[in-house]
Amino acid sequence: MDPSELMASFRDLQSYVGWNAEDADRVAGLREVVAPDLGSLVDEFYDEIPRHPQAHRVMTGGAEQVRRLKLSLRSWLDELFSGPYDEQYVRRRWLVGSRHVEIGLDPSYPNAAFSLLRAGLTASVRRRWLGESSGMWPALQSLHKLLDLDSMLVQRAYGDQYARQMQRQERLAAIGQISGSIAHELRNPLNVIKTSIYCLTHGKSITEEKRSEHLQRMDRQVDVANGVISALSDFARLPTPSPDSVAVDQVVTEVLETLTIPAGVVVVRDIARDLVVAADRQQLAIVLSNLVRNGVEAMPHGGKLAISGRADAGGVSVSVIDTGVGIKPDRLGRLTEPLYTTKARGIGLGLAITRVIVERHRGTIRFSSEVDVGTEATVWMPSGAADAQDENQRRTE
Ligand code: HEM
């Protein structure tokens, strides 16, 4: 829980219910009024719990715990009337709420208990009020506002805890999914390698040609496994981009040199040599590698891969268009989702990484596709000159 964020939201709730300094004064004025009844109120509070099994089940510490809790509730009540309603107060109230989440108390019971406290305190004020009756209602109103605010903090603690639990579950689910995909993606090449090793070690009179065939196959499978691992490490350690003025055409050249473009794929480029973009060079290479690799993999029987770049709306657009299998419309929106893939092979991280990089460069990525016609992936990023110059300027200052 971020204390300053919690305090800010408490301040907002205070203004929402119209809480102000007069309210605090009026509540402080009630302290002496209700003091004689606080002991019995606390007793009634804990006498009520055993009547509700779903609530009582969290009371695991017997009479000693009840004795201790009565003291805790008493000091909780003292602080309710004395304040100050500052960051420490809010943090302690939130922690009490969080404690009830930890013990597994259903959130509706603290609500019910607050209602019991409100009724008991109200009755006590009405019974013992000595001042002008006209002064009693505003005082009670202030007390009710404060009880509402405290109850909101307890509910907030439940909400924060549930959000954390959800996050943990989502993370565990994602880890489960990732490790499942990794296991699947690595098991395939390992099995192929194992088969080749078996053939090489147990095969009778293996020809030189057969041997080199197995070795090449193993080499390819090692590349596949490496591809899976680098996709993961790219995702895991994607540093904050350090943008510079980068010539798009040069990066495309480097990418095409590192990737294996099958013979059946014709690459056509249309990028001006002086087209520059404000980007982290290494990360731009990851973006273009993933788009080119996807384009190539979409054309198992060969085809044309067109890579073009142009100045566009104060930035630079780079498109990678393939004449491959295409993607169904209902899948287009999910392409950059981590672990989502339309391919038989692949871990589904490439485009997720691409999106993260593009968005960190304040860019956009979009896809259009037609089944059996092809797919176009277009990345837009802010242009290089201005930003890079500012950046370089900033670096030299
Ligand atoms: C107005 C609502 C409530 C208030 C203001 C309140 C207040 C407190 C306070 C101040 C503590 C001590 C927290 C700590 O040591 O960190 C506490 C703990 C506890 N409360 Fe409540 N409580 C409320 C409702 C309930 C209800 C409805 C139940 C059960 C049905 C309950 C059961 C417990 C238990 C079991 C603990 C002890 C946890 C431990 O072992 O540390 N509380 N409560």
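This is a short walk through one predicted model, from its domains to its ligand site, its aromatic pairs and its sheet.

I'll start with the overall layout. The domain assignment splits the protein into domain 1, residues 3–170, domain 2, residues 176–236, and domain 3, residues 244–396. Taken over C-alpha atoms, the centres of domain 1 and domain 2 are 63 Å apart.

Next, the ligand. It has 21 residues around it, and the closest are Leu69, Trp76, Arg99, His100 and Ile103. Two of those five also turn up with polar side-chain atoms by the ligand. For Arg99, a polar side-chain atom sits 2.8 Å from a ligand oxygen. For His100, the partner is a nitrogen atom of the ligand, at 2.7 Å. Gln65 also has a polar side-chain atom by the ligand, 3.4 Å from an oxygen.

Keep Trp76 in mind, as it leads into the aromatic residues. How many aromatic pairs does a search of the whole structure find? The count is 5. One of them is Trp76 with Phe114. Their ring centres are 5.8 Å apart and the ring planes meet at 65°; edge-to-face starts over 60°, so this pair falls in that class. Trp76 belongs to helix α4, residues 62–82, and Phe114 to helix α6, residues 108–128, so the pair links distant parts of the chain, 38 residues apart. Both Trp76 and Phe114 are buried. So Trp76 is listed among the closest residues to the ligand, and the ring of Trp76 is also paired with that of Phe114.

A second pair is Tyr85 with Tyr89, again edge-to-face, with 5.0 Å between centres and 85° between planes. Are these two tyrosines buried or exposed? Tyr85 has 11% relative accessibility, which is under the 20% limit, so Tyr85 counts as buried. Tyr89 comes out at 0% and is buried as well. Trp19 joins Tyr85 and Tyr89 in one aromatic cluster.

Now two polar residues on helices. Asp160 is in helix α7, which covers residues 133–202. What does the side chain of Asp160 contact? The partner is the side chain of Trp94, in a polar contact of 2.8 Å. Asp160 has a relative accessible area of 19%, and because the limit for buried is under 20%, Asp160 is still classed as buried. Anyone using that label should quote the 19% with it.

Arg91 is in helix α5, residues 87–102. At 35% relative accessibility, Arg91 counts as partly exposed. Arg91 and Leu6 are 85 residues apart in sequence, yet their C-alpha atoms are 7.8 Å apart in space.

Last, the sheet. In what order do the strands of the open sheet run? There are 5 strands, in the order β2-β4-β5-β7-β6, and the pairing is mixed. β2 and β6, the latter at residues 364–370, are the edge strands; each has a single partner strand, so one side of each has no neighbour in the sheet. On average, neighbouring strands are turned by 15° against each other, direction ignored.

I'll go across the sheet in that order. β2, residues 265–271, pairs with β4, residues 303–312, in the parallel sense over 7 bridges. In that pairing, Val266 stands opposite Lys304 of β4. β4 then runs antiparallel to β5, residues 315–322, and 8 bridges join them. Ile307 has Val320 in β5 as its bridge partner. The hairpin of β4 and β5 has 2 residues between the strands, and Ala313 there takes a positive phi near 50°.

From β5 we move to β7, residues 374–382, again antiparallel and joined by 8 bridges. Here Val318 stands opposite Val379 of β7. The final pairing is β6 with β7, antiparallel over 7 bridges. Thr364 stands opposite Trp380 of β7. The hairpin of β6 and β7 has 3 residues between the strands, and Asp372 takes a positive phi near 65°.

To recap the sheet: the β2 and β4 pairing is parallel, while β4 with β5, β5 with β7 and β6 with β7 are antiparallel.

Definitions and conventions. Residues numbered from 1 in each chain as written. Predicted model: local features only at pLDDT ≥ 70, side-chain atom pairs only at ≥ 80, totals over all residues. Heavy atoms only, no water. Phe/Tyr/Trp six-rings, centres within 6.5 Å; stacked < 30°, edge-to-face > 60°. Helix = DSSP H or I, 4+ residues; strand = E, 2+ residues; numbered from the N terminus. Buried < 20%, exposed > 50% of the residue type's maximum accessible area, 1.4 Å probe, protein only. Pairing = 2+ DSSP bridges. Domains from an automatic or database assignment. Near = heavy atom within 4 Å. Polar contact = N/O pair within 3.5 Å; in protein donor to acceptor, adjacent residues only side chain to side chain. Axes fitted to C-alpha atoms, helices over the stretch in contact; angles between N-to-C directions.
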